[in-house]
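Biologist: I would like to learn how to read a model like this one. Can you take me through it feature by feature?

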Amino acid sequence: MKYMTAEPFRIKVVEPVKKTTKAERQKWLQEARYNAFTLKAENVYIDCITDSGTSAMSTEQWAAMMLGDESYAGCKSFYKLQASARDVFGIENVQPTHQGRAADYIMASIYCEKGKYAVGNMHFDTFRGNAEVLGAIPVDFVIDEGLDTSSGQHPFKGNIDTNKLQKLIDDKGADQVCVIIITITCNNNGGQPVSMKNIREVSEIAKKYNIPLVMDSARLAENAYFIKTREEGYADKEIKEITREMFSYCETATMSSKKDGLVNIGGLFLSRNENVFLQANQLAIVHEGFITYGGMSGRDMEALAVGLQEVCDVQYLEYRINQVKYLGDKLKEKGVPIVEPTGGHGVYVDGRRFFPHIPQNEFPSQRLVCALYEEAGVRAVELGACAFGSKDKDGNPIWPELETMRISVSRRVYTNNHLDCIAEALGDIYKNRDAYKGMKLVYEGPITSLRHFTAGFELL
């Protein structure tokens, strides 16, 4: 395989993309109130706003969709999905949901308790929204290295700081911690992986104090690949051996299948706890559909059953992780400050270091999102002052420790030529960074944790 270094697939179907002018993009940005979420996708040249639901499906997945059984109860497609999920997770009880945030809602409804702490490495926006509604207190205990964007030495910057976890338990009492959630990979700080050693240590603490441990596993295969390539003792293990061990330490797992499921829609809720699983079944019936389809069509369950197997192919994962690294290396060559080392699903640009003259209350990463679209038609997303900012009890802003723009790389979609376009554009913006000013937030929704989806801005 010495010379077989290209993508482990060939292109069978292509989708045209539209080229636009800078003047057009400036007009569309203004109409969208400078929020990339409200731009029309047809006006985007390279779409990196998310890796969720944007994968290109394989011939095997498209073929499987033709076998979809759309029976309301007990369809054959569910049992295929159940078998595939059991194989990857090693958990028997499988509840489909229409997508990950539905599984997240079910999980939060079962585990979150008003006034009690939900501990995570770094909670993502949808769980924070659920916690805000349910009255739980989300706290992030990622290791200190995980908050240092310039330090590229630590191989597992998504790890939970077990000392911080233990201190919370000692100070507040174990009965005040309703759940511990490990997100793999850790989205907020660059798709950074969590080591098996850390998963094991957190599990031991959870068991000692009888605290439920949940794994948010949208990018489970990417995390497993990092364990295989970075952690001692795992180099010779198969990816599914590693995933099964990861999930052997938790009670419950949720998944947005739109990431490492390699599908455009779908989610999973899995649990070893029979009582929890029965509660999940009832919540699924109320909010999703009957327990053997959970809001998914038979066609989509067929595609997901195949995708869960394909994502565990080590050749695919090698290509996937290295394509993200390729973009990161190109940006570093141009001096663009990024989160290092690059993670699994995208490259995160450090907004503070990119625009050091723009204070955080003027949303430097959101300004960079707009600049990238304006210059190159590339759509990325802000994960900083707007997305992860919060407020104290008096309504005063609390600014997050990380201030980034995420460039998500869709799975099996873009070539390295596309990534070169992104690198060239960001390199030119960085050269002219002093010419940019900040932004003003002029509209936010009622749930602070979710405001970035619909926020409105003005240029200063």
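Modeller: We will go through a sheet, its helices, a helix pair and some unusual backbone spots.

Biologist: What should I know about the model before I start?

Modeller: This is a predicted model, where local features need pLDDT of at least 70, side-chain atom pairs count only at pLDDT 80 or more, and totals for chains, interfaces and linings use all residues. Residues are numbered from 1 along each chain as its sequence is written, and side-chain values use heavy atoms, with hydrogens and water left out.

Biologist: How are helices and strands assigned, and what order do the strands of the open sheet take?

Modeller: Helices (H or I, at least four residues) and strands (E, at least two) are DSSP runs, numbered from the N terminus. Two strands pair if DSSP finds at least two bridges between them. Here three strands form an open sheet in the order β9-β14-β11, with antiparallel pairing. The edge strands are β9 and β11, each pairing on one side only. From one strand to the next, the twist averages 30°.

Biologist: How many bridges join β9 to β14?

Modeller: Five bridges join β9 (residues 346–350) to β14. β11 (residues 381–383) pairs with β14 over three bridges. Look at Thr 404 in β14: Asp 350 has Thr 404 as its bridge partner, and Leu 383 has Thr 404 as its partner too.

Biologist: Is β14 buried or exposed?

Modeller: Buried means under 20% relative accessible area, exposed over 50%, partly exposed in between (1.4 Å probe, protein chains only). Five of the five residues of β14 (residues 404–408) are buried, so the strand is largely enclosed by the rest of the structure. Both faces are covered: Thr 404, Arg 406 and Ser 408 are buried on one side, Met 405 and Ile 407 on the other.

Biologist: Which strands does α14 touch?

Modeller: Contact means heavy atoms within 4.5 Å. α14 packs on the sheet and touches β9, β11 and β14. 12 of the 13 residues of α14 are buried, so this helix is largely enclosed by the rest of the structure. Among the buried ones are Arg 367, Leu 368 and Tyr 373. Just after α14, Gly 377 takes a positive phi of about 70°.

Biologist: How do I read a pair of packed helices?

Modeller: Two packed helices are described by the angle between their axes and the distance between the axes. Axes are lines fitted to C-alpha atoms, for helices over the stretch in contact, and angles run from 0 to 180 degrees between N-to-C directions. α6 (residues 162–172) and α7 (residues 196–208) pack at about 10°, with axes 11 Å apart. Thr 162, Leu 165, Gln 166 and Ile 169 in α6 meet Asn 198, Glu 201, Val 202 and Ile 205 in α7.

Biologist: Which backbone spots should I check?

Modeller: Most residues other than glycine have a negative phi, and most peptide bonds are trans. The bond from Ile 184 to Thr 185 is cis, with omega near -15°. Thr 185 lies in the loop between β5 (177–183) and α7. Glu 340 to Pro 341 is also a cis bond, with omega near -10°. Pro 341 sits in the loop between α12 and β9.

Biologist: Where is Phe 363?

Modeller: Phe 363 lies in the loop between α13 (351–354) and α14. Its phi is near 55°, a positive value in a residue other than glycine. Phe 363 is buried, with a relative accessible area of 4%. Leu 262 has a positive phi near 60°, and at 0% relative accessibility Leu 262 counts as buried.
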